[in-house]
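This briefing covers the ligand site, the pockets and some backbone geometry. Please keep the sequence and the 3D view at hand.

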Amino acid sequence: MTTALCPGSYDPPTNGHIDVIRRAAAIFDRVLVSVVENPSKSPLFTTTERIELFRASLADVSNVEYTVFSGLLVDHVADQGIDVVVKGLRTSSDFDYELQMAQMNASLRGMETVFIPTSPVWSFVSSTLVREVARLGGSVEELVPAPVAAALKEKLS
Ligand code: PNS
């Protein structure tokens, strides 16, 4: 039984995140989506809200579970008995940053990282841009799952 961990801020989850998690769930026996709790940031959605948004958006996928972590990813991975960490890659700049983190995590605790290329239709989508567009009154309905679009509307109204 191989468990993959998909860590991230996910503030909020986007169609790009959902795409990568669905594909990871098709490859690995179990996927644990882990939302980072970062005390130095003030997120739009709480970690509980972000997990609820995932549950509503991935209700049809049976082998995905959710948790929250803080501190070093490598320690969380060791605590949870994870085999591999999965990261989505949108662009070559993602790759440069993710490669550095993967090598650091491998050197810290031998953590393995596997990259899944994001579908090109979502390569321009980020949570940061989604929040900005939504805040300024633009439409994000094509970029995020319907429960996330509804939650953004409610949160920003
Ligand atoms: O969605 P994000 O913001 O790109 O997610 C980044 C995340 C949470 C995966 C990354 O910041 C992380 O691993 N944070 C935990 C702290 C840590 O382990 N830092 C050292 C990384 S080499």
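Which pocket is the space taken by the ligand? The ligand takes up the space of the largest pocket. The model is predicted. The points below start at the ligand and work outward to the pockets and the backbone.

**Ligand shell**

- The residues around the ligand include Gly 8 and Ser 9, as well as Val 36.
- Phe 69, Gly 71, Leu 72 and Leu 73 also belong to this shell.
- Lys 87, Met 101, Met 104 and Asn 105 complete the list.
- By class, six of these residues are nonpolar, four are polar and one is charged.
- Helix 4, residues 92-109, contributes the most to the shell, with three residues.

**Polar contacts and cover**

- Ser 9 places a polar side-chain atom 2.5 Å from an oxygen atom of the ligand.
- At Leu 73 the backbone is involved: an N or O atom there lies 2.8 Å from a ligand oxygen atom.
- On its own, the ligand has 550 Å² of accessible area, and the protein covers 69% of that.

**Largest pocket**

- The volume of the largest pocket is about 1100 Å³.
- Its lining has 40 residues.
- Closest to the pocket centre are Pro 7, Gly 8, Ser 9, Tyr 10 and His 17.
- Five elements each give two or more residues to this lining: strand 1 (3-8), helix 1 (15-27), strand 4 (84-89), helix 4 and helix 5 (127-135).
- Helix 4 gives the most, with five residues.
- Helix 4 is also the top contributor to the shell around the ligand.
- The lining splits into 16 nonpolar, 15 polar and nine charged residues.

**Second largest pocket**

- The second largest pocket holds about 160 Å³ of space.
- Ala 134, Gly 137, Gly 138, Ser 139, Val 140 and Glu 141 are among its lining residues.
- Ala 149, Leu 152, Lys 153 and Leu 156 line this pocket too.
- Helix 6, residues 146-156, supplies the largest share of the lining, four residues.
- Five lining residues are nonpolar, three are polar and two are charged.

**Backbone geometry in one loop**

- Tyr 10 lies in the loop between strand 1 and helix 1.
- Its phi is positive, about 50 degrees, although Tyr 10 is not a glycine.
- Pro 12 is found in the loop between strand 1 and helix 1 as well.
- The peptide bond joining Asp 11 and Pro 12 is cis, with omega about 5 degrees.
- Both features stand out because most residues other than glycine have a negative phi, and most peptide bonds are trans.
- This loop also bears on the ligand pocket: Tyr 10 is one of the lining residues closest to the centre of the largest pocket.

Technical notes: Residues are numbered from 1 along each chain as its sequence is written. This is a predicted model: local features need pLDDT of at least 70, side-chain atom pairs count only at pLDDT 80 or more; totals for chains, interfaces and linings use all residues. Side-chain values use heavy atoms; hydrogens and water are left out. A residue is near a molecule or strand if one of its heavy atoms lies within 4 Å of it. A polar contact is a pair of N or O atoms within 3.5 Å; within protein, one must be able to donate a hydrogen and the other to accept it, and residues adjacent in sequence count only if both atoms are side-chain atoms. Accessible areas come from the Shrake-Rupley method with a 1.4 Å probe; for residues, only the protein chains shown count as cover. On a 1 Å grid over the protein atoms alone, a cavity is a set of points where a 1.4 Å probe fits but cannot get out, and a pocket is an open set with protein on both sides within 12 Å along at least five of seven lines; lining residues have an atom within 4 Å of a point. A molecule sits in a cavity or pocket if more than half of its atoms lie within 2 Å of its grid points. Ala, Val, Leu, Ile, Met, Phe, Trp, Tyr, Cys and Pro count as nonpolar, Asp, Glu, Lys and Arg as charged, and the others, Gly among them, as polar. Grid points are joined across faces, edges and corners, and a volume is the space filled by probe spheres set on the points.
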